[in-house]
Amino acid sequence: MHGGTPVRGPRPWPRWPQYDTRTETELLAALRSSRWSVSWYSPDGEKSRERRFAEAFARYTGAAHGVSVDHGSGALVIALEALGIGPGDEVIVPAMTWVAPATAVLRVGALPVLVDVDPATGCLTAEHLSAALSPRTRAVIVVHLACTAAEIENIATVATDAGLALIEDCSQSHGTRWAGRAVGTFGAIGVFSLGAAKTLAGGEAGAAITDDPSLYERMLMLRADSRGYTAVAPDPGDYELVEDGTVMGANYCMSELTAAVLLDQLPRLDDQHDIRAARAKELEAGLTDIPGLAPIPVPAQVDRRAIYEYGIRVRPGAFGAIGIDSVAAALAAELGTKVYPPRVPLHRSVLLRPQTKPRFSAAWTATVDRATGRAYPGADHYRDHTLLMHHSVLLGDHRDVEDVLTALDKVRAHAGTLDPKGTP
Ligand SMILES: Cc1ncc(COP(=O)(O)O)c(C=O)c1O
């Protein structure tokens, strides 16, 4: 930033998403099959790729059923609809997350009630959940954030005792396991974004998992305009979706081309997790030597964690009086890759503005205090004392970790030369 030599030399960071000739072969096969959509007929009598991906992904998580969808946002909407959530209902959403859990609740006509989170992890806790319950609370969406997991067993106990439906949003935690069991299987439904940045990337894509056969059937209808699968694979030339009408749906189907990419990517996921875990271990060892910095805590019950964004906790004063935005900008300049603080929490995010849409504005104006009228010290602290890096930074070798540690040291040493508040 001041014109000196950055820590990172010309060596490129690992690319993301990753693909090779196997991916190209899968994609080309889908292209040449002429079956680009589950709604189109099956020329060869094979199951659709999106159905095969849903089955493979359910197996990966240990859930009984999987549903492929167009986005994580679509998965959230059909999960809420399958559970019968609608007008008059309130759904608890952590204040620290991407906006989609809140907008999905609005999209089904219910009210998202934003609740504070643990300042160290950014995740909802059982205590925060218990304190936020009201007679109108029907469900909770818990988000396993960045590189850690919410205390899911305690949260599931509170949800069960209060008669709430529990949706786990695992968009940032594909394959995280809590005491040997995959997150996403502790509540009624687990939802996943499979967007391009995620650890399992399909471009624009999502999935939902459940053990409950009736929720599975409902989610199939809800995502495909009231159509479910034929009982057996279709004959060549026949359609695989049959009209049912049990519950009215909309179109949240995943493209066959996307499913081809995901079928290629899924078998790579655990090896990539292992590489990131090895780099994270090295990084954590190095962080112990840098005063005021520590890894984001991970609950002891987590025996495998997915790292979507690697998080570093910054103790107040660790960079003198320099704000987190300036610190992140300096690190990004040293490293030639993105280093950033978390997004601002939803209670002050420009992304959550229901008043800008005719469909929501009247109801939102009347209920905004119920939705966002709490204190959010945990979320605000997490925002101002966390540094994040994309998981691809951990897909290389130990030299990358050394660069990150050197940059942290250097920025700490020169913090006095930075603009305290904003971007330099
Ligand atoms: C926690 C969380 N939920 C939901 C979503 C929405 O997923 P999509 O972008 O696939 O709609 C995201 C995307 O980043 C996310 O991080």
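**View 1. The largest nonpolar core of the predicted model, with Ala79 and Ala208 in the foreground.** This core holds 121 residues, and among its members Ala79 and Ala208 are the ones that touch the most others. Helix α3, which runs over residues 72–82, supplies the largest share of the core with seven residues. Each of the two domains, domain 1 (21–268) and domain 2 (269–344 + 379–417), contributes at least three residues to this core.

**View 2. The contacts of Ala208.** When neighbours within four places in sequence are left aside, the residues in contact with Ala208 are Val67, Val69, Ala75, Ile78, Ala79, Ile189, Gly190, Val191 and Met219. One of these partners, Ala79, is paired with Ala208 as a residue that touches the most other members of the core.

**View 3. Leu76 in helix α3 and its surroundings.** Is Leu76, a residue of helix α3, buried or exposed? Leu76 has 30 C-beta neighbours inside 10 Å and therefore counts as buried, since the threshold for a buried residue is 20 or more. Apart from residues up to four places away in sequence, Leu76 touches Ala100, Pro101, Ala104, Asp169 and Val191, and Val191 is also in contact with Ala208. Lys281 lies 205 residues from Leu76 along the chain, and the C-alpha atoms of Leu76 and Lys281 are separated by 33 Å.

**View 4. The shell of residues around the ligand.** Of the 14 residues that surround the ligand, those that come nearest are His71, Gly72, Ser73, Ser171 and Ser193. Two elements, α3 and α4 (100–107), give two or more residues each to this shell. Sorted by class, the shell consists of four nonpolar residues, nine polar residues and one charged residue.

**View 5. The whole chain, as a setting for the close-up views.** The chain contains 13 helices and 16 strands, and the C-alpha trace spans about 70 × 55 × 40 Å along its principal axes. For 424 residues, a compact globule would be expected to have a radius of gyration near 22 Å, and the chain agrees with this because its own value is 22 Å. Buried residues make up 49% of the 424 residues in the chain. Among the contacts in the chain with a separation of 6 or more, 74% join residues that are 24 or more positions apart.

Terms used: Residues numbered from 1 in each chain as written. Predicted model: local features only at pLDDT ≥ 70, side-chain atom pairs only at ≥ 80, totals over all residues. Core = buried A, V, L, I, M, F, W, Y, C linked by C-beta atoms within 7 Å. Buried ≥ 20, exposed ≤ 12 C-beta atoms within 10 Å, placed from the backbone. Helix = DSSP H or I, 4+ residues; strand = E, 2+ residues; numbered from the N terminus. Domains from an automatic or database assignment. Contact = placed C-beta atoms within 7 Å. Near = placed C-beta within 6 Å. Nonpolar A, V, L, I, M, F, W, Y, C, P; charged D, E, K, R; others polar. Rg over C-alpha atoms; globule rule 2.2 N^0.38 Å.
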